[in-house]
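This report describes salt bridges, backbone geometry and internal space in one protein model. The sequence and structure are shown first.

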Amino acid sequence: MTVKDSTTQLAAAGAIALALLASSAPALAQTEVASAAAGDPPPHSVSLTSTQLFEFADAARDAGDFVTAIAAYRALAENPDTELRSEARFRLGMMLADQQQKYRAAAVEFRKILDEKPDAARVRIELARMQVMMGNLGAAEREFRTAQSAGLPPEVERLVRFYANALSARKPFGASLEVALAPDNNINRATRSDTLGTIIGDFTLDQDAKARSGLGLTTRGQAYLRTGIDKYAQLLVRLSGSATIYQASQFDDMAVSLQIGPEYSSGADRISLAAGPSWRWFGLELYSFSYGVSGNYRHPLGKRAQLTIDSVIAHTENRRNSLQNGEAFTLSLGIDRAFSSRFGGGVQFNSARETARDPGYATASGGISGYLYREIGKTTATATLSYNHLEADERLFLYLQRRRENRIGASIQGTLRSLRIGSFAPYAKLRFERNWSTIEIYDYRRLAAEFGLTAAF
């Protein structure tokens, strides 16, 4: 071991010891370092105030000794004084972000501060900046709106505008993964009726055509690559997928899609276009293949709200029933708003049109959905409610009536950041669906839950 290595390790060890002792006092940290033998009075002592310990940590940071700086900041972050530990976490987060490019770790530190001080606008802006650096643009925009909801000083407003206008400087690549256990009392969204009424009499349904309960493993993931085209545009390649796996494999549901297209920035507005294929499997067999184009437009409505418009045009080929082949057109309009630093929500209006070779499978639908979120300490609670109406063009030959449906859905979710594991936190979700249909086989109710891990911010 070299003399330099020994000096660095001694300095780090000394910082850890001093920082741990300093964290035991609220405002003034007194530490005594004794070198005498057991039972002898200490020959000398060293006193450090919290201010001096901050200076010590800052000096280590500026010298590039991040091990020592992290040890001191983390020890100060355990101080019972809220202001002191918040300041320590903020300096630690800024160091992790700007000098080590550890954006996810920095975001965790900023999130810890906001759990205790939700009105800390500067901290929330830095959290939004971390979301931008990680490529989580929707989350970044929400944090910007939340920060502005309570009003900001002029100098902070300028900082918000600077970061908001810099959203085009995005992370070039990234990935996410979510895993959960999913108990469900109707895994196939099927009727509970024993029979199906038709023009030639009632058919008896087998067990696979009726509602089945089960415990599934649900996974959702995404990977993306972003590269610059010019000053105002970037090319985004995104691969996403989801799967719910059951012990009875005939009910497995899996989907994969690939999207490629440009993203444009014009002032505060953003426009994204994409095209690509999608595949879906039921029971480990290919169910459908589709390809098409999609568009997304986002426009800020003042400081607290945002307008979002999404549209999709796609051609779908059903591999099990070619009479369902056709085109799909969807359009949705949503408004999201932050009401305060802990409370927000949004509403979305949607419409869809699906054509088919058999008019009995062609449908038109429309609906409305809304959500509210509330931060309660270190827990984020989210509630959603939706309604959708659907009608088929014509009656299928076999059935007694033309298909008409009304569906409602509701869910509640809690994300528990107090139990954070790294940058992920456990969550619990309960979801209810009820679909009323003129065709018995489409009439169902469903109660499902999820218990898993998700990104903590």
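## Salt bridges and burial

Arginine 89 counts as buried, at 13% relative accessibility; buried means under 20% relative accessible area, exposed over 50%, and partly exposed in between (1.4 Å probe, protein chains only). The model is predicted: local features need pLDDT of at least 70, side-chain atom pairs count only at pLDDT 80 or more, and totals for chains, interfaces and linings use all residues. Residues are numbered from 1 along each chain as its sequence is written, and side-chain values use heavy atoms, with hydrogens and water left out.

The structure holds 27 salt bridges, each defined as a side-chain nitrogen of Lys or Arg within 4 Å of a carboxyl oxygen of Asp or Glu. Three of them are tabulated below.

| Pair | N to O distance |
|---|---|
| Arginine 89 and glutamate 116 | 3.5 Å |
| Arginine 446 and aspartate 184 | 2.7 Å |
| Aspartate 253 and arginine 280 | 2.8 Å |

Arginine 446 lies in strand S16 (residues 444-455) and aspartate 184 in strand S1 (residues 173-184), so their salt bridge ties together parts that are 262 residues apart in sequence. Helices (H or I, at least four residues) and strands (E, at least two) are DSSP runs, numbered from the N terminus. Arginine 446 is buried, with a relative accessible area of 8%, and aspartate 184 is buried at 6%.

In the pair of aspartate 253 and arginine 280, the aspartate is buried at 19% relative accessibility, whereas the arginine is partly exposed at 34%. Glutamate 116, the partner of arginine 89, is partly exposed at 31%. Elsewhere, a network of salt bridges links Asp58, Arg61, Asp62, Glu87 and Arg91.

## Positive phi values

Most residues other than glycine have a negative phi. Glutamine 101, however, has a positive phi near 55°; this residue lies in the loop between helix H4 (82-98) and helix H5 (103-116). Leucine 284 has a positive phi near 70° and is placed in the loop between strand S7 (269-282) and strand S8 (285-301). Glutamine 101 is partly exposed at 44% relative accessibility, while leucine 284 is exposed, with a relative accessible area of 53%.

## Internal space

A search of the whole structure finds one cavity of 30 Å³ or more, a cavity being a set of points on a 1 Å grid over the protein atoms alone where a 1.4 Å probe fits but cannot get out. The largest cavity holds about 40 Å³ of space. Among its lining residues, which have an atom within 4 Å of a point, are Glu394, Arg403 and Tyr442.

Note on methods. 1 Å grid on protein atoms, 1.4 Å probe; cavity = no way out; pocket = protein on both sides within 12 Å on 5 of 7 lines; lining within 4 Å. Points joined across faces, edges and corners; volume = space filled by probe spheres on them.
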